[in-house]
Amino acid sequence: MKKINHNSFKLISKIPLRQYSGEYRIFHFTGFGNPPKNENDTEINAKKLIIPKTLEATSGISDTLTYRDNVSGNVSKSPPALKNLTNTALLESSSIATTTSKPPVECAEKTLEKKTKKSKCLRPVPRVKLVDVPPDDCNVRKAEIPTVKLRDGHVMPMFGLGTWGAPSNQAERAVKHALKVGYRMIDCAHVYENEEAVGKAINRSIEKCIVKREELFVISKLWNTFHDPHLVMTGCRQSLCDLKLSYLNLYLIHWPMGYRAGDDLIPYDACGRVIGSRVDYIETWKAMEELVERRLTRSIGLSNFNKNQIERIWKIAKIKPVVNQVECHPYLSQKRLKAYLNKKGVVLVAYSPLGAPARPWVKKDEPKVLDDNVIKTIAFNTGRTPAQVCIRYQIQRGNPVIPKSVTPSRIESNFDVANFELSDQEMKILDKLDRKLRFVALSQLSNHPHYPFNDVF
Ligand SMILES: NC(=O)c1ccc[n+]([C@@H]2O[C@H](COP(=O)([O-])OP(=O)(O)OC[C@H]3O[C@@H](n4cnc5c(N)ncnc54)[C@H](OP(=O)(O)O)[C@@H]3O)[C@@H](O)[C@H]2O)c1
């Protein structure tokens, strides 16, 4: 595959298309991929665009591409500045559309076709080959991590590594390093588009006797385009295949909202709105239960579900959800949701525990958890970093926590939270920082019938 970055794209756009049939990687960011880090980074955010040979005789490549600003809705022929990429979608023009026999795009009716890279695990996903078996003579060092017993009897570490937003090459290095340091839980998801790299790191570490599979707790999540009950098994097998594992420890419904099924992780209509599906997550849950029966995952759970949504699941569930993974940090302590989950025996797993400072939609003037003066003062007084304070805060509240980092020194320091304790008073002070501030709100989906954050909790 040829790679081009935004600047070089401008350059080649003047050259006739015939020289450019084939596969290209073009910056394209929809909010769930990897945010651009710098101008020279051609790997990050690169999506594959396939320019078919059948188009060779037509006009210049510049005719075939259009960009849409998802915020303003403006459509333009020229590539946006790198800093504006976050909200930009790449539209394919009519000349590409003709090859797929699509009539011209009409707002609200037509959907955008994007060619996305399929993983090596082609759908339907083949049976998973067992590769997560360590050599016989492995003598693995046991890591001491506090654990919590889930309501189905399985044991989950209180601490793990997040992988959202980590480009594949960095994710692989980060997971390898984390496993060496002693992490035993990795939080993954199909939509993070790096499960193959994470799987490589896990399997390499098993082969090298750094960790045994049975010591590991691997989480993955069913993406919104797989909510149809017939697709749930496919979604799970896809992740297993990418991760090269024979089973998951925990598989979650990533969000209560379903999206239109298909290759686009986030399908948009011509007006830039996400295309939802009518599938009720109740039906999705029933198919999730089958995954446990088929031993593709040991436990199943939820993510981003509100109280009423959990109640609905509870009523029909043969296998009850063991966790609800939600955003949780000192600015969003989730006190009421936690109290409700405690009563049900469901564990609250804290995501974005550091306030997701690198979220792609971050605004300059938004408060930053790690810059909070109170947190900084507690960090200073305890001789710890603000990140360690935030992580320790969750552990002491009984919430397993999954901070993400691809930086070796941070991977190490974030892990080093076992040997200090926040006092009751410090915990109370941190509790008081709650301002119900949600950083991962997906508010553009607030009209979806299953959007979770219109309820109080
Ligand atoms: N279920 C869901 O819908 C959902 C949603 C969001 C997140 N999650 C999961 O939760 C994980 C964690 O959440 P998150 O990634 O949103 O955010 P987070 O863990 O709150 O923050 C991660 C960011 O903080 C930086 N960081 C890490 N350690 C640091 C330290 N010691 N000092 C300063 N900065 C530090 C990281 O930078 P570097 O990587 O550059 O070091 C990264 O940019 C995700 O990766 C994902 O696995 C799940």
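Visitor: Which residues form one aromatic cluster with F159?

Guide: In this predicted model, Y183 and F415 join F159 in one aromatic cluster.

Visitor: Why is the pair of W164 and W361 called tilted?

Guide: Look at the angle: planes under 30 degrees apart count as stacked and over 60 as edge-to-face. The planes of W164 and W361 stand at 35°, so the pair is tilted. The ring centres are 5.9 Å apart, and pairing asks for centres within 6.5 Å.

Visitor: What makes Y281 and F305 an edge-to-face pair?

Guide: Their planes are 80° apart, and over 60 counts as edge-to-face. The distance from centre to centre is 5.2 Å. Y281 lies in helix 6 and F305 in the loop between strand 13 and helix 7, so the pair ties together parts that are 24 residues apart in sequence.

Visitor: How do you know whether Y281 and F305 are buried or exposed?

Guide: Buried means under 20% relative accessible area. Y281 has 3%, so Y281 is buried. F305 has 1%, so F305 is buried too.

Visitor: Why does W361 count as partly exposed?

Guide: The partly exposed class lies between under 20% and over 50%. W361 has 28% relative accessibility, so W361 counts as partly exposed.

Visitor: What makes R392 sit over the ring of F420?

Guide: The charged end of R392 is 5.9 Å from the ring centre of F420, and the distance limit is within 6 Å.

Visitor: How do you know that H254 has a polar contact with the ligand?

Guide: A side-chain N or O atom of H254 is 3.2 Å from an oxygen atom of the ligand, and a polar contact needs such atoms within 3.5 Å.

Methods. Residues are numbered from 1 along each chain as its sequence is written. This is a predicted model: local features need pLDDT of at least 70, side-chain atom pairs count only at pLDDT 80 or more; totals for chains, interfaces and linings use all residues. Side-chain values use heavy atoms; hydrogens and water are left out. A polar contact is a pair of N or O atoms within 3.5 Å; within protein, one must be able to donate a hydrogen and the other to accept it, and residues adjacent in sequence count only if both atoms are side-chain atoms. Rings of Phe, Tyr and Trp (its six-membered ring) pair if their centres lie within 6.5 Å; planes under 30 degrees apart count as stacked, over 60 as edge-to-face and the rest as tilted. Buried means under 20% relative accessible area, exposed over 50%, partly exposed in between (1.4 Å probe, protein chains only). Helices (H or I, at least four residues) and strands (E, at least two) are DSSP runs, numbered from the N terminus. A charge sits over a ring if NZ of Lys or CZ of Arg is within 6 Å of the ring centre and within 35 degrees of the ring normal.
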